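Work through the exercises below with the model open beside you. Try each task before you read its solution.

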Amino acid sequence: MVKKSLIAAAAISMSAAMLTACGSDSNASDDDTITMGFSQVGAESGWRTANTASIQASAKEAGIDLKFADAQQKQENQIKAIRSYIQQKVDVIAFSPVVESGWDTVLQEAKRAGIPVILTDRAVDSDDTSLYETFLGSDFVLEGEKAGEWLVANAADADVDGDGTIKVVQLEGTTGAAPAIDRADGFATAIAADPSIEVTASQTGDFTRDGGKQVMESFLNSVQGIDVVFAHNDDMGLGAIEAIEAAGLVPGKDIKIITIDAVKDGMQALVDGKINFIVECNPLLGPQLMELAKKVLAGEEVPKRVVTDETTFTQEEAAAVLADRQY
Ligand code: GZL
Ligand code: ZN
């Protein structure tokens with residue numbers, strides 16, 4: 001816990017250290033409270049908001065002193081935040097990497113400082129897996145496969161214009177982000193089972209509602225005979241709905257929509273018939289993250305990969321659970 005008195009004490013010990021040219025090696029809090037530095041992607045979607053709420057509530061619940069930074073979806077802000085946590089000598093660092101690549105240098109700095117790192121939600125593509133203790137999050141390839149498998153199973157109704165080809169336009173997540181890369185891969189693998197299904201156009205909407213709306217507007221102007229939208233998250237799907245309605249078409253009927261997340265707004269649209277199928281991506285990672293942090297700091301073995309469990313929803317299934325959804 002970094003209280004005013006501690007800061008003053010730290011300042012004195014810092015200046016003393018400067019004089020004697022030796023650093024203080026105590027962690028940010030000198031009682032046994034765990035201090036966690038968390039770097040969050042941003043606040044780009046309903047999923048992210050729910051994820052942040054889960055982390056903040058769980059830290060409080062676990063008695064962990066949480067330092068939290070929102071990177072506005074910029075990698076350089078996450079790297080800055082991680083560096084500041086290293087400076088502050090937090091006990092553990094956790095973050096959701098906005099994109100897969102470019103983390104080795106700062107993670108090596110954390111390793112040299114002896115601060116364990118836990119990845120949550122999104123993965124990094126570092127070959128050196130010693131740079132982090134564990135990765136807690138969904139299997140995004142499986143999420144993409146679930147979306148594709150539903151489309152294959154419902155191909156007959158999905159060829160809305162009856163031209164024998166199921167034309168899909170894809171709203172991709174943030175370029176370079178693990179969920180965007182893996183969901184596209186999983187979806188492509190699953191739809192390969194039915195050659196009449198093709199991804200005719202694909203572009204990033206950056207996981208935001210506005211991004212989904214703008215890209216869908218451009219697709220509606222440039223692609224003939226769209227049958228299906230596959231959006232990598234609910235928020236871009238909700239933006240696409242706005243564009244489809246503005247074009248005088250009926251979402252869920254004239255164009256089928258498949259999304260991933262299952263946040264409240266998405267589930268409401270599913271119940272309203274504007275979305276046809278949603279693959280759940282669970283944002284409530286807080287409790288597991290705090291447990292993992294305590295285990296890591298107690299020197300206990302933790303699995304290298306902790307996968308969250310999640311399901312899928314049709315319109316009927318959404319109607320049955322909407323009232324008691326937590327997010
Ligand atoms: C997935 C997460 C994605 C969500 C989006 O775990 O990283 O980022 O699917 C969010 O809603 O923006
Ligand atoms: Zn068609």
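## Exercise 1: A sheet and its helix

Treat every value here as computed from a predicted model.

**Task.** Find how strand E8 is joined to strand E9, then place the pair in its sheet.

**Solution.**
1. Take the two strands. E8 covers residues 228-231 and E9 covers residues 256-261.
2. Check the direction. The two run parallel, and 3 bridges join them.
3. Pick out one bridge. Val-228 has Lys-256 of E9 as its bridge partner.
4. Widen the view. The open sheet has 6 strands, in the order E7-E6-E8-E9-E10-E12, with mixed pairing.
5. Locate the edges. Strand E7 (197-204) and strand E12 (312-313) each pair on one side only.
6. Add the helix. H10 (residues 264-271) packs on this sheet and touches E10 (277-280) and E12. The directions of H10 and E10 make an angle of about 150 degrees.

## Exercise 2: The zinc site

**Task.** Identify the donors of the zinc ion (ligand 2) and describe their spacing along the chain.

**Solution.**
1. List the side-chain donors. Asp-159, Asp-161, Asp-163 and Asp-227 each coordinate through OD.
2. Add Thr-165, which coordinates through O.
3. Read the distances. The coordination spans 2.1 to 2.2 Å.
4. Write the spacing. Along the chain the donors follow D-x1-D-x1-D-x1-T-x61-D.
5. Classify two donors by accessibility. Asp-161 has 37% relative accessibility, so it counts as partly exposed. Thr-165, at 24%, also counts as partly exposed.

## Exercise 3: The setting of Val-117

**Task.** Decide whether Val-117 is buried or exposed, and describe its surroundings.

**Solution.**
1. Place the residue. Val-117 lies in strand E4 (residues 117-120).
2. Apply the cut-off. Buried means under 20% relative accessible area. Val-117 has 2% relative accessibility, so it counts as buried.
3. Look at contacts beyond four places in sequence. Val-117 touches Ile-93, Phe-95, Leu-107, Ala-110, Leu-131, Tyr-132, Glu-133 and Thr-134.
4. Gauge a long separation. Val-117 and Thr-314 are 197 residues apart in sequence. Their C-alpha atoms are 37 Å apart in space.

## Exercise 4: Two domains

**Task.** Describe the domain division and the contact between domain 1 and domain 2.

**Solution.**
1. Set the bounds. The domain assignment gives domain 1 as 20-138 + 283-309 and domain 2 as 140-281.
2. Compare positions. The C-alpha centres of the two domains lie 32 Å apart.
3. Count the contacts. 13 residues of domain 1 are in contact with 18 residues of domain 2.
4. Assess the buried area. The two domains bury about 1200 Å² between them, with 55% of it on carbon and sulfur atoms.

Technical notes: Residues numbered from 1 in each chain as written. Chains lettered and ligands numbered in written order. Predicted model: local features only at pLDDT ≥ 70, side-chain atom pairs only at ≥ 80, totals over all residues. Heavy atoms only, no water. Pairing = 2+ DSSP bridges. Helix = DSSP H or I, 4+ residues; strand = E, 2+ residues; numbered from the N terminus. Contact = heavy atoms within 4.5 Å. Axes fitted to C-alpha atoms, helices over the stretch in contact; angles between N-to-C directions. Buried < 20%, exposed > 50% of the residue type's maximum accessible area, 1.4 Å probe, protein only. Donors = N, O, S within 2.8 Å, 3.2 Å for Na, K, Ca; no water. Domains from an automatic or database assignment. Buried area = accessible area lost by both parts, 1.4 Å probe.
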